[in-house]
Amino acid sequence: MFPERPDSIDVECKPLDAFLRGAGIEKIDFIKFDLEGMEYKVLRKFFERADTALMPRFIQVEQLPHTQWIKLAGGNVLDLVRDAGYSRCISESRNFIFSRE
């Protein structure tokens, strides 16, 4: 996605649900995502794959104002979170906190 740089390093990535299982995490009260516009990509897979018990009670995401980020990420993270059963409870500038009861 981004051009290679001479000072770049490879980093192993795992799906969020696999990481949480591997860490022995069974419940999440609050989780914050600030992934420079890529929140949709991470959360879409998480919502598809994770057990209901792992769904956080509160999620904070950032929505960048430019539609180019929505296209690059594959969708609108605010719509995705709402479609997963969350309600927006607080917003400030580009940051949004959603709750799930």
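The following questions and answers introduce a predicted model of a single chain.

User: In what order do the elements of the chain run from the N terminus on?

Analyst: The chain holds 4 helices and 4 strands. Read from the N terminus on, these elements follow the order α-β-α-β-α-α-β-β.

User: What share of the contacts between residues at least 6 apart in sequence joins residues at least 24 apart?

Analyst: The C-alpha atoms of the chain fill a box of roughly 45 × 35 × 20 Å along the principal axes. Within the chain, contacts between residues at least 6 apart in sequence are the set to consider. The share of that set joining residues at least 24 apart is 68%.

User: What percentage of the residues of the chain counts as buried?

Analyst: The accessible surface of the chain comes to about 7100 Å², and carbon and sulfur atoms account for 50% of that area. A residue counts as buried when its relative accessible area is under 20%. Of the 101 residues, the portion that counts as buried is 35%.

User: How far apart do the centres of the positive and negative side chains lie?

Analyst: The chain carries 15 positive side chains and 17 negative ones. Each set has a centre, and the distance between the two centres is 4 Å.

User: Is Gln-60 buried or exposed?

Analyst: Gln-60 lies in strand β2, which spans residues 58-62. Leaving aside neighbours within four places in sequence, Gln-60 is in contact with Phe-30, Ile-31, Lys-32, Phe-33, Asn-95, Phe-96 and Ile-97. The relative accessible area of Gln-60 is 14%. Because this value is under the 20% cut-off, Gln-60 is classed as buried.

User: Is Asp-51 buried or exposed?

Analyst: Asp-51 is placed in the loop between α2 and β2. The relative accessible area of Asp-51 is 52%. Since the class in question begins over 50%, Asp-51 is exposed.

User: What is the distance in space between Asp-51 and Val-77, C-alpha to C-alpha?

Analyst: Along the sequence, Asp-51 and Val-77 are 26 residues apart. In space, C-alpha to C-alpha, the distance between Asp-51 and Val-77 is 20 Å.

User: Which element gives the most to the lining of the largest cavity?

Analyst: The count of cavities of 30 Å³ or more comes to 1, and the largest cavity holds about 60 Å³ of space. Its lining includes Tyr-40, Trp-69, Ile-70 and Val-77. Both α2 (39-49) and α3 (67-73) supply at least two residues of this lining. The element that gives the most, with 3 residues, is α3.

User: Which element supplies the largest share of the lining of the largest pocket?

Analyst: About 350 Å³ of space lies in the largest pocket. Among the residues that line this pocket are Glu-12, Cys-13, Phe-33, Met-38, Lys-41 and Phe-46. The largest share of the lining amounts to 4 residues, and these come from α2.

User: Where is the place of Glu-36?

Analyst: Glu-36 is not a glycine, although its phi is positive, at about 50°. The place of this residue is in the loop between β1 (30-32) and α2.

User: Is Ser-93 buried or exposed?

Analyst: Ser-93 sits in the loop between β3 (87-92) and β4 (95-99). Phi of Ser-93 is near 55°, a positive value in a residue other than glycine. The relative accessible area of Ser-93 is 68%. Because that value is over 50%, Ser-93 is exposed.

How values were computed
Residues are numbered from 1 along each chain as its sequence is written. This is a predicted model: local features need pLDDT of at least 70, side-chain atom pairs count only at pLDDT 80 or more; totals for chains, interfaces and linings use all residues. Side-chain values use heavy atoms; hydrogens and water are left out. Buried means under 20% relative accessible area, exposed over 50%, partly exposed in between (1.4 Å probe, protein chains only). Contact means heavy atoms within 4.5 Å. Accessible areas come from the Shrake-Rupley method with a 1.4 Å probe; for residues, only the protein chains shown count as cover. Lys and Arg count as positive and Asp and Glu as negative; His and the chain ends are not counted. The place of a charge is taken as NZ of Lys, CZ of Arg, CG of Asp or CD of Glu. On a 1 Å grid over the protein atoms alone, a cavity is a set of points where a 1.4 Å probe fits but cannot get out, and a pocket is an open set with protein on both sides within 12 Å along at least five of seven lines; lining residues have an atom within 4 Å of a point. Grid points are joined across faces, edges and corners, and a volume is the space filled by probe spheres set on the points.
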